[in-house]
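Got the viewer open? Here is a short tour, stop by stop, with what to select and what you'll find there.

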2 protein chains.
Amino acid sequence: MEYKQLKLNNQLCFRLYTAARLTVGAYHPYLDPLGITYPQYLVLLVLWEQNKQPVCDIAKRLMLDTNTVTPLLQRMEKSGLLRRTKGKTDTRQRIVSLTEKGTTLREQAKHIPECLIANILEKMGSVEELTTLVPTLDKLIEGLSER
Amino acid sequence: MEYKQLKLNNQLCFRLYTAARLTVGAYHPYLDPLGITYPQYLVLLVLWEQNKQPVCDIAKRLMLDTNTVTPLLQRMEKSGLLRRTKGKTDTRQRIVSLTEKGTTLREQAKHIPECLIANILEKMGSVEELTTLVPTLDKLIEGLSER
DNA sequence: TATTTTTGCATCGTGAACGATATAAATCTG
DNA sequence: CAGATTTATATCGTTCACGATGCAAAAATA
């Protein structure tokens, strides 16, 4: 009984880890045809909301560091989704802007969120339960991200 | 307004993705001194609960595929935490068993779960909210994993 | 203004995830 | 029992996530 807390079943983190993996996996059928990955989709969401942002702003938004985001953006530049130009006011910055290809992808990606929600709901009934998840996750994220 | 659903803020998945990353990160202060990673810790939890399991059982337990688990186990074997021996009844199987080092690590890892929960609670108050998370995540996981 | 500190970005190395593919052993089926 | 199928594991390639480190530009401070 001493080791009870060690039991895998009791772990909240394992469920988060697994749920996150599976959720990202659920995007695959929708993202594969567009030729992008889930993290790349997140970058596009940020840029669709506001084009031309420095790397650091994108990183902040995604709560990632530049050592993750930079290579991600480099791959996306390579596949023609965006451009990275030198900043003018602050020359340290790299301003990321969508290409034609990156911009038009928005139309094709338009229905992904509803498809995904529908997909998940079909398999687990209640909408309420999912929506209650969000504020709790927000608190958790806020707690864990402050340092 | 047409693109409203695309907005990052509305995305449940992004929160899961972020919460999972940050939660794994919260294990670092406890796992680094033991020289193991979070996925390796998960493998150890499984083996501490029951030693000597074939690769596929461990994979099933963690809801991962062998192409993820095999290299993970190889690294753990390399660092002396476990052994992988040929199965006797089924020669295709590789039976994974803990070494002395892997076994004794259990003592040192004993307090990790309580430390982590305490750590999280300190930063976000209510226990109830966290505990309500678990069954919902379970449903989500179950829904997404069935195919 | 000179020096220090901070900031923005990049590179490198390691460990995961995971799709695709391969191989041998076990199992099923005709 | 022979051939087909499934199962258990492994390998390879790509993309991430992230700690450590480096560097130049900007900002702060002396």
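Which atom of DNA strand C is 2.9 Å from an N or O atom in the side chain of A:Thr70? Select A:Thr70 and zoom in: the partner is a phosphate oxygen of DNA strand C. Keep in mind as you go that this is a predicted model.

**Stop 1: around DNA strand C**

Stay with DNA strand C and show what surrounds it. You should get 25 residues, and the closest are A:Cys56, A:Arg84, A:Arg92, B:Thr37 and B:Asn67. Now colour the strand by sugar, phosphate and base: sugar and phosphate make up 71% of the DNA strand C atoms that come within 4 Å of the protein.

Two more phosphate contacts are worth a click. Pick A:Arg84, where a polar side-chain atom sits 2.6 Å from a phosphate oxygen of DNA strand C. Then pick A:Val55; here a polar backbone atom is 3.3 Å from a phosphate oxygen of DNA strand C.

Zoom out a little and switch to cartoon. On the chain A side, helix H1 (12-31), helix H3 (55-62) and H4 each give two or more residues to the surface near DNA strand C. From chain B, helix H2 (38-49) and H4 do so too. Colour that surface by residue class and you'll count seven nonpolar, 11 polar and seven charged residues.

**Stop 2: over to DNA strand D**

Next, select DNA strand D. How many residues surround DNA strand D? There are 25, with A:Thr37, A:Asn67, A:Arg75, B:Cys56 and B:Arg92 the closest. Of the DNA strand D atoms within 4 Å of the protein, 70% belong to sugar or phosphate, and the rest to bases.

For base contacts, start with A:Asn67: one of its polar side-chain atoms lies 2.6 Å from a base nitrogen of DNA strand D. Then jump to B:Arg92, which has a polar side-chain atom 2.6 Å from a base oxygen of DNA strand D. For a backbone contact, select B:Arg94, where a polar backbone atom is 2.8 Å from a phosphate oxygen of DNA strand D.

Which elements give two or more residues to the surface near DNA strand D? In chain A they are helix H2 (38-49) and helix H4 (66-78), and in chain B they are helix H1 (12-31), helix H3 (55-62) and helix H4 (66-78). By class, the residues here split into seven nonpolar, 11 polar and seven charged.

**Stop 3: one copy on the other**

Hide the DNA and superpose the two protein chains. Chain A can be laid on chain B with an RMSD of 0.0 Å, using a turn of 180 degrees and a shift of 0.0 Å along the axis. The two copies are thus related as by a two-fold rotation axis.

Now show the interface residues in both chains. Of those in chain A, 100% are interface residues in chain B as well, so the copies meet through the same surface.

**Stop 4: the sheet in chain B**

Select the strands of chain B. Three of them make an open sheet in the order E1-E3-E2, with antiparallel pairing. E1 and E2 of chain B are at the edges with a single partner strand each, so one side of each has no neighbour in the sheet.

Highlight E3(B) and look at its two pairings. Five bridges link E2(B) and E3(B), while strand E1 (residues 53-54) of chain B pairs with E3(B) over two bridges. Label B:Val96 and you'll see B:Gln53 opposite it; B:Val96 is also the bridge partner of B:Arg84.

Is strand E3 (residues 94-98) of chain B largely enclosed or open? Four of its five residues are buried, so the strand is largely enclosed by the rest of the structure.

**Stop 5: B:Arg84**

Finish on B:Arg84, in strand E2 (residues 82-86) of chain B. This arginine is buried, with a relative accessible area of 16%. Follow its side chain to that of B:Glu77, where the two make a polar contact at 3.0 Å. Leaving aside residues up to four places away in sequence, B:Arg84 touches several others, including B:Thr70, B:Leu73, B:Gln74 and B:Ile95.

To compare, click across to chain A: A:Arg84 stands opposite A:Val96 in E3(A), and five bridges join E2(A) to strand E3 (residues 94-98) of chain A.

Methods. Residues are numbered from 1 along each chain as its sequence is written. Chains are lettered from A and ligands numbered from 1 in the order in which they are written. This is a predicted model: local features need pLDDT of at least 70, side-chain atom pairs count only at pLDDT 80 or more; totals for chains, interfaces and linings use all residues. Side-chain values use heavy atoms; hydrogens and water are left out. A residue is near a molecule or strand if one of its heavy atoms lies within 4 Å of it. A polar contact is a pair of N or O atoms within 3.5 Å; within protein, one must be able to donate a hydrogen and the other to accept it, and residues adjacent in sequence count only if both atoms are side-chain atoms. Ala, Val, Leu, Ile, Met, Phe, Trp, Tyr, Cys and Pro count as nonpolar, Asp, Glu, Lys and Arg as charged, and the others, Gly among them, as polar. Copies are superposed by least squares on the C-alpha atoms of residues with pLDDT of at least 70 in both. Contact means heavy atoms within 4.5 Å. Buried means under 20% relative accessible area, exposed over 50%, partly exposed in between (1.4 Å probe, protein chains only). Two strands pair if DSSP finds at least two bridges between them.
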